[in-house]
Amino acid sequence: MRNIFLCLMAGVITCSCSHDKKEIYKDPSAPIEKRIDDLLSRMTIEEKVGQMNQFVGVEHIKANSATMTADELKTNTANAFYPGFDEKDIERWTEEGKVGSFLHVMTLDEANYLQSLAMKSRLQIPIIFGIDAIHGNAYAPDNTIYPTSINLACSFDTAMAYTIARQTAREMRAMNMQWTFNPNVEVARDPRWGRVGETFGEDPYLVTLMGVESVKGYQGQFDGPEDVLACIKHFVGGSQPINGTNGSPTDISVRTLREVFFPPFKAGVEAGAMSLMTAHNELNGIPCHEDKWLITDVLRDEWKFKGFVVSDWMDIEHIHDLHATAENLKEAFYQSIMAGMDMHMHGIYWNEYVTELVKEGRIPVSRIDESVRRILYVKFRLGLFENPFVDKDQSMTIRLCDEHRQTALEAARKGVVLLKNEGVLPLNASKYKKVMVTGINADDHNILGDWSAPGEPEDVTTILEGLRQISPDTQFDFVDQGWDPRNMDPAQVALAAKKAKEADLNIVVAGEYMMRFRWDERTDGEDTDRSDINLVGLQNELIEKIYASGKPTILILINGRPLGVEWAAENLPAIIEAWAPGMYGGQAIAEILYGEVNPSAKLAVTIPHSVGQLQMIYNHKPSMYFHPYVDNKPSTPLYPFGYGLSYTTYKYEDLKLSAQEIAQDGSVKATVKLTNTGDREGTEIVQLYIRDKFSSATRPVKELKDFARITLKPGESQEVTFDITPDKLAFYDKNMQWCVEPGEFIVMVGSSSADDDLLKQTFNVKK
Ligand code: BGC
């Protein structure tokens with residue numbers, strides 16, 4: 001009997017050895033941890049360090065090495081090549097198993113091709129392809145282009161954020177891309193900064209909810225063929241740059257970090273985000289890419305982040321060549337890895353220097369193994385070892401499918417904000433038979449926004465096209481102003497002014513230029529920051545001259561950052577802020593103009609009058625305007641956070657609290673009665689703000705703590721109830737302890753963050 005047992009054991013041992021030889025890591029039925037252990041045990045240091053490195057795609061290298069100079073590389077954060085190396089070198093390294101990831105691969109053919117090179121490598125570890133799929137996989141051609149994040153945030157529709165992310169994931173996987181560098185969960189606090197449009201705005205709570213739903217939508221169960229890796233970025237503080245420019249220093253107290261900038265990242269981690277990107281900027285004197293406190297102490301030890309950290313574009317290099325906190329590149333790599341960095345976006349010298357650092361004993365192999373383990377985990381979870389390729393025939397059945405197009409349209413309808421309407425909207429087609437349409441964004445694909453490839457004409461409805469579709473009997477007279485706000489032709493401005501007199505109504509579609517294929521000509525977008533928030537070029541002149549015609553003139557804005565359109569706000573009868581509403585933005589705007597859709601969006605960001613008022617945010621501290629400006633600029637915004645009009649009207653009444661006094665760990669319900677007092681169905685975004693009246697450390701004058709999208713028929717009423725739980729009352733007290741302090745709290749419910757739009761009640765928290 002004993003002998004039989006020994007024989008069986010011997011069999012098991014032999015079996016496990018031969019199984020081992022058969023490569024456990026290739027066995028999909030083996031537990032992931034075992035697969036990783038097995039694979040790690042087979043990898044050389046060079047292969048491990050290679051997994052931690054990313055390159056731009058070979059087509060990108062070819063295109064840019066032909067057009068860019070090495071000098072231009074230093075400041076360009078969108079395009080690259082590798083001086084001294086060409087695409088053949090990168091292809092060879094891929095075959096040698098020394099590349100973990102690619103970015104800026106724009107076609108399925110190229111992705112499959114690069115993957116086929118990785119499949120020739122010794123261990124056949126698949127590549128993970130990363131792409132900036134910010135509002136749909138829009139950067140790569142032939143995908144659904146949804147409205148940009150700021151437009152989406154103005155819908156306050158978190159379910160829509162989920163749906164868009166889910167559909168985007170599907171379209172990405174159909175292109176063999178598995179990693180989006182999104183959501184951007186930075187809290188945007190400076191409209192000079194060109195990246196406001198790719199954020200969810202200025203409010204930490206709204207940004208958090210939008211970010212969480214995006215993470216869930218992208219990642220799904222994080223194990224299916226339609227799931228992708230989300231990347232919460234940029235950690236942290238770059239959305240409040242000291243001079244408004246991208247990547248400039250930030251100096252933010254730990255209190256403000258924890259109260260304002262950290263919450264969306266922490267929530268993203270809790271929602272399961274499996275990658276995070278560090279920010280270009282230095283934070284309080286330490287470049288984020290080498291900040292151990294941020295990456296290891298807060299992110300990993302405190303928040304228990306399980307995914308991997310990726311650097312931003314050449315930012316580890318910038319530790320040396322910009323921030324100058326490392327004497328050379330090798331030292332910069334060392335500092336970043338020892339702070340907790342897992343993957344390098346992107347470039348040469350990483351493999352050789354990091355390998356040297358390990359061989360010299362400065363970076364322990366165990367530290368490298370941690371990073372490689374995290375990266376491999378993601379590749380195993382997403383099934384890349386089993387399915388490294390994607391079938392081209394299937395791809396276009398998913399991308400741009402009807403369901404996704406419909407979502408893009410629906411989202412645009414919900415995200416366009418009506419800022420002003422003195423009775424002219426919705427347009428009456430029988431009254432306005434002849435309409436002049438002009439402005440740089442009237443008939444341009446710029447409505448797609450930053451991070452979009454130019455769309456095929458049949459996949460984009462411009463505003464002019466939308467108008468012609470919706471009101472075929474109206475005579476739309478188009479005066480072209482070109483796409484470039486900096487180079488408008490005065491003769492065309494004069495022509496529009498002349499034609500305005502002949503029209504019954506005029507529509508000016510103004511704003512910024514955001515398309516990145518014209519990187520140097522843009523006025524808004526990544527690395528496109530401004531020292532002003534006025535309309536660029538002759539746009540103001542155009543508006544004023546058209547208005548002088550005496551005919552009703554409507555302004556539609558297409559932009560990413562808030563624009564201080566003071567003159568228009570004072571003089572024009574109607575203004576629409578459409579942001580970049582995506583591929584069907586023109587249709588959605590036309591439907592709103594002609595009343596087929598009742599606008600419902602509210603501003604996710606404050607619109608100041610001018611840059612002189614900055615910083616201008618609704619959730620400021622009580623002393624902010626103790627001494628108001630003495631010049632003629634008021635201390636109030638042009639349009640406040642949470643503001644937006646509808647074609648119907650709403651009445652808020654009877655704000656009631658379920659208790660006047662609660663315990664420190666207690667909750668209270670706030671109920672308000674909302675009535676649609678107009679004559680159309682509409683959706684109102686009901687907002688709940690809270691203020692802690694007296695506190696041991698200063699608190700904002702109000703903070704958004706909840707909201708609800710409520711749809712009502714004319715005359716219909718509904719009670720809307722919010723649960724005010726302890727997490728909505730807690731803050732970091734004088735000693736940086738997270739707690740609910742006893743005392744009085746003010747509850748505010750209404751249609752915007754402006755005091756006049758809010759009903760108020762108070763309650764007490766007992767000791
Ligand atoms: C941006 C990132 C982006 C990366 C790759 C950087 O310049 O800051 O947000 O993901 O480029 O395109």
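Which backbone oxygen does the side chain of threonine 407 reach? Keep that in mind for the first close-up; every view below comes from a predicted model.

**View 1. Threonine 407 sits in helix H18, residues 402–415.** The side chain of threonine 407 reaches the backbone oxygen of glutamate 403, at 3.1 Å. With a relative accessibility of 10%, threonine 407 falls under the 20% cut-off and counts as buried. Leaving out residues up to four places away in sequence, threonine 407 touches Tyr146, Met160, Thr163, Ile164 and Gln167. There's also a long sequence gap to look at here: threonine 407 and isoleucine 145 are 262 residues apart along the chain, with their C-alpha atoms 9.8 Å apart in space.

**View 2. Helix H10 covers residues 204–219, and its length checks out.** At 1.5 Å a residue, the 16 residues of H10 should span 22 Å, and the end C-alpha atoms are indeed 22 Å apart. Just at the start of H10, a side-chain oxygen of aspartate 203 comes to within 3.0 Å of the backbone nitrogen of tyrosine 205. Past the other end, H10 is followed by glycine 220, which has a positive phi, near 50°.

**View 3. H10 again, now with its surroundings.** Of the 16 residues in H10, 12 are buried, so the helix is largely enclosed by the rest of the structure. Among the buried ones are Pro204, Leu206, Val207, Met210, Val212, Val215 and Tyr218. The cover over the buried residues of H10 includes helices H8 (149–154), H9 (158–173) and H11 (254–270). Strands also contribute to that cover, including E4 (179–180), E5 (231–235) and E21 (703–712).

**View 4. Helices H6 (residues 87–95) and H7 (residues 108–118) pack against each other.** Their axes are 7 Å apart and make an angle of about 50°. That makes H6 oblique to H7. On the H6 side, the residues in the meeting are Glu91, Thr94 and Glu95. They meet Tyr113, Leu114, Leu117 and Ala118 of H7.

**View 5. Five strands make an open, parallel sheet.** The strand order is E4-E3-E2-E1-E10, with parallel pairing. E4 and E10 (344–345) stand at the edges with a single partner strand each, so one side of each is left without a neighbour in the sheet. Further in, E1 (residues 53–56) and E2 (residues 101–103) run parallel and are joined by 3 bridges. For a pair to pick out by eye, try phenylalanine 55, whose bridge partner in E2 is phenylalanine 102.

**View 6. Aspartate 132 lies in the loop between strand E3 (128–131) and H8.** A relative accessibility of 6% means that aspartate 132 counts as buried. Its side chain makes a polar contact with the side chain of lysine 233, at 3.3 Å. Setting aside residues up to four places away in sequence, aspartate 132 touches His104, Tyr139, Phe181, Lys233 and Trp451. As for lysine 734, it's 602 residues away from aspartate 132 in sequence and 40 Å away in space, C-alpha to C-alpha.

**View 7. A second open sheet has 5 strands and mixed pairing.** Here the order reads E18-E26-E25-E20-E21. E18 and E21 take the edges, each with a single partner strand, so one side of each is left without a neighbour in the sheet. At one end of that order, E18 (residues 661–662) runs parallel to E26 (residues 758–765), joined by 2 bridges; glutamate 661 has asparagine 764 as its bridge partner in E26. E25 (residues 743–750) and E26 pair in the antiparallel sense over 8 bridges, and valine 747 is the bridge partner of glutamine 761 in E26. E20 (residues 682–692) is antiparallel to E25, with 6 bridges between them. Look for tyrosine 689, which stands opposite methionine 748 in E25.

**View 8. Threonine 553 is in strand E15, residues 553–558.** This threonine 553 is buried, with a relative accessible area of 0%. The side chain of threonine 553 reaches the backbone oxygen of lysine 551 at 3.0 Å. Neighbours within four places in sequence aside, threonine 553 is in contact with Asn506, Val508, Ile546, Tyr547, Leu572, Pro573 and Ala574.

Methods. Residues are numbered from 1 along each chain as its sequence is written. This is a predicted model: local features need pLDDT of at least 70, side-chain atom pairs count only at pLDDT 80 or more; totals for chains, interfaces and linings use all residues. Side-chain values use heavy atoms; hydrogens and water are left out. Helices (H or I, at least four residues) and strands (E, at least two) are DSSP runs, numbered from the N terminus. The expected span of a helix is 1.5 Å times one less than its number of residues. Buried means under 20% relative accessible area, exposed over 50%, partly exposed in between (1.4 Å probe, protein chains only). Contact means heavy atoms within 4.5 Å. A polar contact is a pair of N or O atoms within 3.5 Å; within protein, one must be able to donate a hydrogen and the other to accept it, and residues adjacent in sequence count only if both atoms are side-chain atoms. Two strands pair if DSSP finds at least two bridges between them. Axes are lines fitted to C-alpha atoms, for helices over the stretch in contact, and angles run from 0 to 180 degrees between N-to-C directions. Angles under 35 degrees count as roughly parallel, over 145 as roughly antiparallel, 65 to 115 as roughly perpendicular and the rest as oblique.
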